[in-house]
Every structure is written in structure tokens, then in C-alpha cells.
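Open the model in your viewer and keep the selection panel at hand. Each stop below gives a selection and then what is there.

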Amino acid sequence: MLPHSLFWSMLFNLGTFIACSLLSEPSEGVAEQAVKFVDVFEAREEPVRRKRMSRAPAIVEFIDLMTKFIGEKQAHAAYPSILATRRSMSGGAFPSMNCPF
């Protein structure tokens with residue numbers, strides 16, 4: 001009974017997924033990702049442009065980035081250790097850092 005129900009469930013689910021995929025248009029973001037991963041060995045007419053960072057990120061920008069990975073509380077808790085590391089590396093001064101205070 002279990003293999004029978006698995007077969008029919010997979011058949012209908014995959015059939016519906018494939019039918020919807022073929023009948024709908026991809027969004028702009030999905031199309032962009034498809035271009036990046038499909039036919040990667042073919043030459044492209046237009047080179048991929050990458051944004052270049054010209055300066056180190058500010059502490060506020062760094063905390064915003066880390067919030068996405070480890071959460072807001074942990075990112076703000078790591079702030080004092082980041083400051084201590086930057087102080088020890090720069091001899092007690094903050095030459096290239098943008099402090100929010």
C-alpha cells in the first residue's frame with residue numbers, strides 16, 4: 001500500500017510541478033540565475049559586472065551583514081570583540097574605521 005501511494009503521489013506532484021513550470025514565465029531574478037548556471041562554458045556577449053569595494057565596510061555595515069548570518073543579538077554581542085581586535089591591530093587607534101558613535 002505504501003509504494004502504491006508513493007508512486008501516485010509523486011506522479012501527480014511532479015506532473016503538476018512540471019506543468020506549472022512550463023506554463024508560467026520566470027521572474028527576472030530566476031532568469032538571471034538561470035543564465036549564470038546554464039551553459040557556463042559558452043562565451044557570453046556581455047561580461048558579468050561585479051561591484052568592487054573601494055573601502056573596508058564600516059562597523060554598522062559589518063553588523064548589518066552579520067545579523068543576516070548569526071542573528072541580531074549575537075551580532076551586537078560580537079561588537080566589543082571586533083573593536084578590541086581592531087584596536088590591537090592598529091595600535092590603539094581607529095584609522096580606517098567609521099564608528100557609529
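## Stop 1: Ile63 and its contacts

Select Ile63. Beyond its neighbours within four places in sequence, Ile63 is in contact with Ala75, His76 and Tyr79. Keep in mind that this is a predicted model.

Where does Ile63 sit? Its place is in helix 3. Is Ile63 buried or exposed? Its relative accessible area is 8%, and the cut-off for buried is under 20%, so Ile63 is buried.

Now add Ile82 to the selection. Ile63 and Ile82 are 19 residues apart in sequence. Draw a C-alpha to C-alpha distance between Ile63 and Ile82: it reads 9.9 Å.

Swap Ile82 for Ala78. Here the separation from Ile63 is 15 residues in sequence and 8.7 Å in space, again C-alpha to C-alpha. Ala78 lies in the loop between helix 4 (72–77) and helix 5. At 24% relative accessibility, Ala78 counts as partly exposed.

## Stop 2: the largest nonpolar core

Which residues make up the largest nonpolar core? Select Ile59, Ile63, Ala75, Tyr79, Ile82 and Leu83: these 6 residues are the whole set. Colour by helix next. Helix 3 (59–70) and helix 5 (79–90) each supply at least two residues of this core. Helix 5 gives the largest share, with 3 residues.

A general point fits here. In soluble globular proteins, nonpolar side chains tend to be buried together.

Stay in helix 3 and pick Phe62, which is found there too. Its relative accessible area is 31%, and Phe62 is partly exposed. Run a C-alpha to C-alpha distance from Phe62 to Ala75. The result is 8.9 Å, for a sequence separation of 13 residues.

## Stop 3: zoom out to the chain

Switch to a cartoon view. How many helices and strands are there? The chain has 5 helices and 0 strands. Followed along the sequence, the pattern is α-α-α-α-α.

Now show the surface. The accessible surface of the chain is about 9,400 Å². Carbon and sulfur atoms account for 64% of that area. What share of the chain is buried? Of the 101 residues, 8% are buried.

## Stop 4: the nonpolar surface patch

With the surface still on, select Leu6, Met10, Leu14, Phe17, Ile18, Leu22 and Leu23. Together these residues form a nonpolar patch on the surface. Their combined accessible area is about 810 Å².

Click on one member, Leu22. Leu22 belongs to helix 1 (residues 2–23). Is Leu22 buried or exposed? With 70% relative accessibility, against a cut-off of over 50%, Leu22 counts as exposed.

## Stop 5: aromatic rings

Hide the surface and show side chains as sticks. How many aromatic pairs does a search of the whole structure find? The search returns 2 aromatic pairs.

Centre on Phe7 and Trp8. Their ring centres are 5.1 Å apart and their planes stand at 80°. Planes over 60 degrees apart count as edge-to-face, so this pair is edge-to-face. Distance of the centres and angle of the planes are the two quantities that describe a pair of aromatic rings.

Check the exposure of each ring residue. Phe7 is partly exposed, with a relative accessible area of 48%. Trp8 is also partly exposed, at 36% relative accessibility. Then add Phe12: Phe7, Trp8 and Phe12 form one aromatic cluster.

## Stop 6: the salt bridge

How many salt bridges does a search of the whole structure find? It finds 1 salt bridge. Select Lys36 and Glu32 to see the two partners. The closest N and O atoms of this pair are 3.6 Å apart.

Now bring back the cartoon around the pair. Lys36 and Glu32 are both in helix 2 (residues 28–37). They are 4 residues apart there, so about one helical turn separates Lys36 from Glu32.

Finish with accessibility. Lys36 is partly exposed, its relative accessible area being 37%. Glu32 counts as partly exposed as well, at 44%.

Methods. Residues numbered from 1 in each chain as written. Heavy atoms only, no water. Core = buried A, V, L, I, M, F, W, Y, C linked by side-chain atoms within 4.5 Å. Buried < 20%, exposed > 50% of the residue type's maximum accessible area, 1.4 Å probe, protein only. Areas by Shrake-Rupley, 256 points an atom, 1.4 Å probe, with all protein chains shown as cover. Phe/Tyr/Trp six-rings, centres within 6.5 Å; stacked < 30°, edge-to-face > 60°. Salt bridge = Lys/Arg side-chain N within 4 Å of Asp/Glu carboxyl O. Patch = residues over 30% accessible without salt bridge, like charges linked within 9 Å, V, L, I, M, F, W, Y side chains within 5 Å. Contact = heavy atoms within 4.5 Å.
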